Amino acid sequence: MAARANCLIVASASPEGVSAQSFVHAFTLTTSAFNVQLASPGGKPVDFVKVDESSKRWLADFASKPYATPAKLENIDPTRFSAMLFPSSPGAMHDLATDQSLSRLLTSFISDGKPICAVGMGVTALCAAVNPEQQHNWKLKGYSLTGPSTFQLASLPNFANLPLIPEDFIRDNGGTYSCNHAEGGMHVVIDRHVITGQNDFSTLTAVQNLILLCNARQQSKR
């Protein structure tokens, strides 16, 4: 029996937090197929938002487990992991989007064609895949991606203060953006080794495709 591949789940440590439901679905699915490591900037604790009764019970049990403590993102060796996953995270645009350690990891993953999956506001973490010494060099230029639309974000009370808008960033940096305009509509885009989901509702489908992509990649190496 082949050894399980390792998947890195990257979470924001910003007070704006990580979507509880998206994280629960993402973690539950990935642990069924991978050895999972959670990481955050500085190894700081993760704050969860949009917590309902079901996710509250799950998170309480999760918090008691040793694997609930995030590793420091800056200490992660990308060669140890076969996949990287960003659950939906309102906080991602406040820390992950400009994190230099994440930039290093994403650059390595993109160069090696390793599967990357980002959901909802977690898609903003992909904005870190740049060289700060150069302009217009986003590593995902030419990729087709999705994420929360500008129209959908405009309904947020803090819209005017958001540090970045994923739809605008993708278009402005040479990517192709698409979305489902229906309220709460699921939408997942797969381009080569990168999988993006538009919103929390897209988490299950996006992560399922991450697992399938990793399995196909492993089989092709045999």
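A nonpolar core is taken here as a set of buried Ala, Val, Leu, Ile, Met, Phe, Trp, Tyr and Cys residues that are joined through side-chain atoms within 4.5 Å. In the structure described here, which is a predicted model, the largest such core has 39 residues, and those with the most contacts inside it are Met84, Phe86, Leu102, Leu106 and Leu126. At least two residues of this core are supplied by each of the strands β1 (6–10), β6 (83–86) and β7 (116–119) and by each of the helices α3 (100–112) and α5 (166–172). The largest share, 5 residues, comes from α3.

The surroundings of Phe86 illustrate how this core is put together. When neighbours within four places in sequence are left aside, Phe86 is in contact with Val10, Leu96, Leu102, Leu106, Ile116, Cys117, Ala118, Val119, Gly122, Ala125 and Leu126. Apart from the largest core lies another, of 27 residues, and among its members are Phe27, Phe34, Val119 and Val207.

The strands β1, β6 and β7 also take part in an open sheet of 7 strands, which is arranged in the order β5-β3-β1-β6-β7-β11-β10 and shows mixed pairing. The edges are occupied by β5 (71–72) and β10 (188–191), each of which has a single partner strand, so that one side of each is left without a neighbour in the sheet. At the β10 edge, the pairing with strand β11 (residues 194–197) is antiparallel and extends over 4 bridges; within it, Ile190 has Ile195 of β11 as its bridge partner.

Helix α1 (residues 20–31) comprises 12 residues and reaches 16 Å from its first C-alpha to its last, which is close to the 16 Å expected at 1.5 Å a residue. Its buried residues are Ala20, Ser22, Phe23, Val24, Ala26, Phe27, Leu29 and Thr30, and of these Phe27 is also listed among the members of the core of 27 residues. Thr30, which is found in this helix, counts as buried because its relative accessibility is 0%, the limit for that class being under 20%. A polar atom of the Thr30 side chain lies 2.8 Å from the backbone oxygen of Ala26. Beyond its neighbours within four places in sequence, Thr30 is in contact with Cys7, Ile9, Val36, Leu85 and Val207.

Side chains of opposite charge can pair when their charged atoms come close. A search of the whole structure finds 4 salt bridges. One of them joins Asp200 to Lys50, with the closest N and O atoms 3.6 Å apart. This pair links distant parts of the chain, since Asp200 is placed in the loop between β11 and α6 (203–221) and Lys50 in the loop between β4 (48–49) and α2 (53–63), 150 residues apart. The two partners fall into separate accessibility classes: Asp200 counts as buried at 17% relative accessibility, whereas Lys50 is exposed, with a relative accessible area of 56%.

A salt bridge is also formed by the side chains of Lys65 and Asp61, with an N to O distance of 3.1 Å. Here Lys65 counts as partly exposed at 27% relative accessibility, and Asp61 likewise counts as partly exposed, at 44%. In the pair made by the side chains of Arg171 and Glu167, the N to O distance is 3.2 Å; being 4 residues apart in helix α5, these two residues are separated by about one helical turn. Arg171 is partly exposed, with a relative accessible area of 44%, while Glu167 is buried, with a relative accessible area of 14%.

Glu167 is also touched by Ser149, a residue of the loop between β8 (144–145) and α4 (150–153). Ser149 counts as buried at 2% relative accessibility, and its contacts, not counting residues up to four places away in sequence, are Glu167, Tyr177 and Cys179. Another loop residue, Thr79, is located between β5 and β6 and is exposed, with a relative accessible area of 63%. The side chain of Thr79 makes a polar contact with that of Asp77 at 2.7 Å. The C-alpha atoms of Thr79 and Ser108 are separated by 8.3 Å, although these residues are 29 residues apart along the chain.

Methods:
Residues are numbered from 1 along each chain as its sequence is written. This is a predicted model: local features need pLDDT of at least 70, side-chain atom pairs count only at pLDDT 80 or more; totals for chains, interfaces and linings use all residues. Side-chain values use heavy atoms; hydrogens and water are left out. The expected span of a helix is 1.5 Å times one less than its number of residues. Buried means under 20% relative accessible area, exposed over 50%, partly exposed in between (1.4 Å probe, protein chains only). Two strands pair if DSSP finds at least two bridges between them. Contact means heavy atoms within 4.5 Å. A polar contact is a pair of N or O atoms within 3.5 Å; within protein, one must be able to donate a hydrogen and the other to accept it, and residues adjacent in sequence count only if both atoms are side-chain atoms.
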